[in-house]
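This report describes a structure for a reader who is new to the subject. It begins with a single residue and then turns to the chains and the contact between them.

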Amino acid sequence: MIDIFNAIVLLTNFIFIPAITYGSQLALGALGITFIYGILRFANFSHGEFMSFGAMSCILVTWFFQSNNINLGYLPTALLALPFAILSTIILSLLFNKFVFSYYRIQRSAPVVIAMASIGVMFVINAIIRIVIGPNDIKFFDGQKFIIKAKQFKNMTGLSEGLALKSTQVITVFITIFLLFLVFWFLQKTKTGKSMRAFSDNEDLALLSGINPSKVVFITWLIVGTLACVAGTLYGLDKGYKPFTYLGLVLPIFAAAIVGGIGNPIGAVVGGYTIAFSEIMITYAYKKFFKYLLPESLEPTGMIQLLSTDYKFAVSFTILVIVLLVRPSGIFKGRTL
Amino acid sequence: MITSKRTEILSILIMSLLLLFVGFMQSWSLSFSILNMCIISAIMSMGINMQWGYAGIFNVGIMGFTALGGLAAVLVSHAPINEAWSAGGMGIMISFLVIVLISLIVYWVNKRFKTNKKKYWIITLVIIIGLILVKLVYHPSVEAIEAVNPTLTGFLGGMGLPIIFSWIVGGLFAAGVAFAIGKITLGLRSDYLAIATLGISEIIIAVLKSEEWLARGVKNVVGLKRPVPYEINLQQTEWFISAVQYFNQSYLLDIVDKLEYEKVLNQLVIESSIIFVKICYAVLFFIVLLTILYLANKAQVSPWGRMMRAIRDNEVSANAMGKDVVRRHLQVFVIGSGVVGIAGAMLITLDSIFTPVSFQPLRYTFLIWIMVIVGGSGNNLGAILGGFIIWFAWIEAAPASQFVINILTSGLEDNNTFKIHLLNSIPYFRYLIMGTILLLIMRYRPKGILPEKIRYS
């Protein structure tokens, strides 16, 4: 009996909690991609860099607060800096909208052309980040690191497996729930949200019924900037900020958006968790888990790892390919907000 | 049309002048290195230009296809390691056969039970059983191979053929992978292909990094054989020394002292041997470049090229005219990726070292895209020009931005933190410059420097 509890705790500690956290980060990122796709109708390759920029501005503001001895006690100072970071990310995205994307939208360019322009934007933001903060790893987490430490948990329950709960993980989940609630409430209940859905559904019809396109686009970039900044900051807070990782995040985020049905916000969230769970479950070594459950004679000798962690891209890719083959429109039908 | 001809000549002239300028101002060795990389980049951008310019396919997996070409260079030219083959070659072969078998069975099941919903379960079952089978033979043989002299080899080695063959093999490798990926994603929306190629390129790099039995992974393969002479051999060859003597006659005649003469000559021979090797590479690369350019131009003006343009410009009507859009897309996707693979093999031939870690998407995928867009999509000469200009800018961006920063901050003292920070981040200004170039060209000259020539005939 104890062994079963141990096994459950093991899975919770190494799969469930990390996957929920990572999934939340992916979901926020995929939601941003989906918003751009649904309303501005292009695949935004620079989204990872927007996230990175958000995290960078958060770090800069955090440093400013820290040097002035402003902090939140148990909570990381980054939370206090987050609103300022969101503001700067929104300003950045509005600037790029004004100088780059709006031109193509008015010209009604093909989606691939705008996607190409987003590659240029990616290069520029990438350069800005590296010039401002450099290419090195930065840890900007402060405050209390753990809510439950592995050792505390062991003492508390008497199990031999520990369960560690980092405060970043809890913060990530709470902020994600809050933001998702806000976004869906906005889309379903407010007039502006409804007009955005209409715009996404049928642009010409929306224009005919008097919806102001520039307002819709403005709101979209507000939402996208916020989501990107929060997603980037949470990711950086949880795993340490490394500028180059954000380019690699583009793939799982896109996979999440497409798997869920690109252009569909609920799909993006579901897709994010799908990708995160499968990535972590497939690259986890189950040796210890089976050790608890099976009798000694049947104990596995190998690692029982389906794929090594080097291949975590392969997981999101495989899921993407399977979904494209079996159900090209994604789990939820895509292409409207 | 006349203006376009003039732009063509003018841009080629400017490019040559720039390379000459580097030769005179910095060094000839650098100038030829830039030239060689320019040619390789030009071939890559021609491959992408076929996909984008002829057919409007958005491929962001260039890095993966390049790396496959590089893998071909290793597998073709490295001497075979018989010990490793006898240790685990059999197991690898068996696992390979099993994988092929699985794919065939899956393909067959998919064909046979076209509408049956149960087919997915059958396919899953087949794949799982197959993977377990593969795992049983694969892991022991991989361990056996990697245990063979791990500090020097620890992989299967290659075929021991001249490396020049790898240019063809690399093209075939890339084309094969492109076929598989194209089969799955072409026919779906264009951005899906983009994401799928992005994914496959990351996976190819991950495989090359972690499968050490294949090409040593992150331990890198060094000292691949060259298709051109080695500097050290040249320096001891009679005809080369006399040739150097002949070309530097006027300079050498002024030196009277015998010892001094020897010393100067020796120095000249060393310098010229480095440049000579680079010229040899440049000649080989130029042959490939011109061949591909010739073929690409021929294809573009042929009925096939017209059909591709028709498909690109209006897929629906081309379809109505009875053209098999998906098939043609697959065709051009495979050909273009093959060309990228050839360039990848050439790249590794030039470096004679294979380092999977060095493949970065910004450098190997997105930079190539900038070349295509800047040069002029749909125009092969434009793609070459884009390759030259962007590679040149990529290399010279760092010295140029250093120059500019030094001027702008000349009022500040040397120990000013802001100035030091700026000078430290010089390498990253090239990204800024590249991004800005792309955005400006897309906005103000969307057809590129040399726009596509449309022939009405």
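## A residue in helix 7 of chain B

B:T197 is found in helix 7 of chain B. The model is a predicted one. Is B:T197 buried or exposed? A residue counts as buried if 20 or more other C-beta atoms lie within 10 Å of its own. B:T197 has 28 other C-beta atoms within that distance, and it is therefore buried.

Which residues does B:T197 touch, when those up to four places away in sequence are not counted? They are B:N59, B:V60, B:G61 and B:I181. One of these partners, B:G61, is 136 residues from B:T197 in sequence, yet the two C-alpha atoms are 4.5 Å apart in space.

## A glycine in helix 16 of chain B

A second buried residue of chain B is B:G375, which lies in helix 16. Its surroundings hold 30 other C-beta atoms within 10 Å, so B:G375 passes the cut-off for a buried residue. Once its neighbours within four places in sequence are left aside, B:G375 is in contact with a set of residues that includes B:S45, the run B:G382, B:A383, B:I384, B:L385, B:G386 and B:G387, and also B:G448, B:I449 and B:L450. B:K447 is 72 residues away from B:G375 in sequence, while the C-alpha to C-alpha distance between them is 8.4 Å.

## Two residues with positive phi

Most residues other than glycine have a negative phi. The table gives two residues that depart from this pattern, with their places in the chains and their C-beta neighbours.

| Residue | Phi | Loop | C-beta atoms within 10 Å |
|---|---|---|---|
| A:R108 | near 55° | between helix 3 (77-107) and helix 4 (111-133) of chain A | 8 other C-beta atoms, exposed |
| B:N220 | about 65° | between helix 8 (212-215) and strand 1 (221-222) of chain B | 14 C-beta neighbours, partly exposed |

A:R108 counts as exposed because it has 8 other C-beta atoms within 10 Å, and the limit for an exposed residue is 12 or fewer. B:N220 counts as partly exposed because its 14 neighbours fall between the limits for exposed and buried residues.

## Chain A as a whole

The secondary structure of chain A consists of 13 helices and two strands. The radius of gyration of this chain is 21 Å, close to the 20 Å that the globule rule gives for 337 residues, so chain A is as compact as a globular protein of that length. Taken along the principal axes, the C-alpha atoms of chain A fill a box of roughly 70 × 55 × 35 Å.

How many of the 337 residues of chain A, in per cent, count as buried? The value is 46%. Among the contacts of chain A with a separation of 6 or more, 76% are between residues 24 or more positions apart.

Helix 6 of chain A covers residues 167-189, which is 23 residues. From its first C-alpha to its last, helix 6 reaches 32 Å, close to the 33 Å expected at 1.5 Å a residue. The buried residues in helix 6 of chain A include A:T168, A:Q169, A:I171, A:T172, A:T176 and A:L179. What covers the buried residues of this helix includes helix 1 (2-40), strand 2 (165-166) and helix 9 (213-239) of chain A.

## The domains of chain B

The domain assignment divides chain B into domain 1 (2-80 + 157-444) and domain 2 (82-152). The C-alpha centres of these two domains of chain B lie 35 Å apart. Their contact takes four residues from domain 1 and seven residues from domain 2. On the side of domain 1 that touches domain 2, the classes are two nonpolar, one polar and one charged residues.

## The contact between the chains

The contact between the chains takes 34 residues from chain A and 36 residues from chain B. On the side of chain B, helix 6 (166-185), helix 7 (190-210), helix 16 (361-375) and helix 19 (426-444) each supply at least two residues. Which helix of chain B gives the largest share of this side? It is helix 7, with 14 residues. By class, the side of chain B that touches chain A has 25 nonpolar, seven polar and four charged residues.

## Confidence of the prediction

For chain B the mean pLDDT is 88, and 98% of its residues reach 70 or more. For the complex, the predictor gives an ipTM of 0.89 and a pTM of 0.90.

Notes. Residues numbered from 1 in each chain as written. Chains lettered and ligands numbered in written order. Predicted model: local features only at pLDDT ≥ 70, side-chain atom pairs only at ≥ 80, totals over all residues. Contact = placed C-beta atoms within 7 Å. Helix = DSSP H or I, 4+ residues; strand = E, 2+ residues; numbered from the N terminus. Nonpolar A, V, L, I, M, F, W, Y, C, P; charged D, E, K, R; others polar. Rg over C-alpha atoms; globule rule 2.2 N^0.38 Å. Domains from an automatic or database assignment. Expected span 1.5 Å × (residues − 1). pLDDT = per-residue confidence, 0-100.
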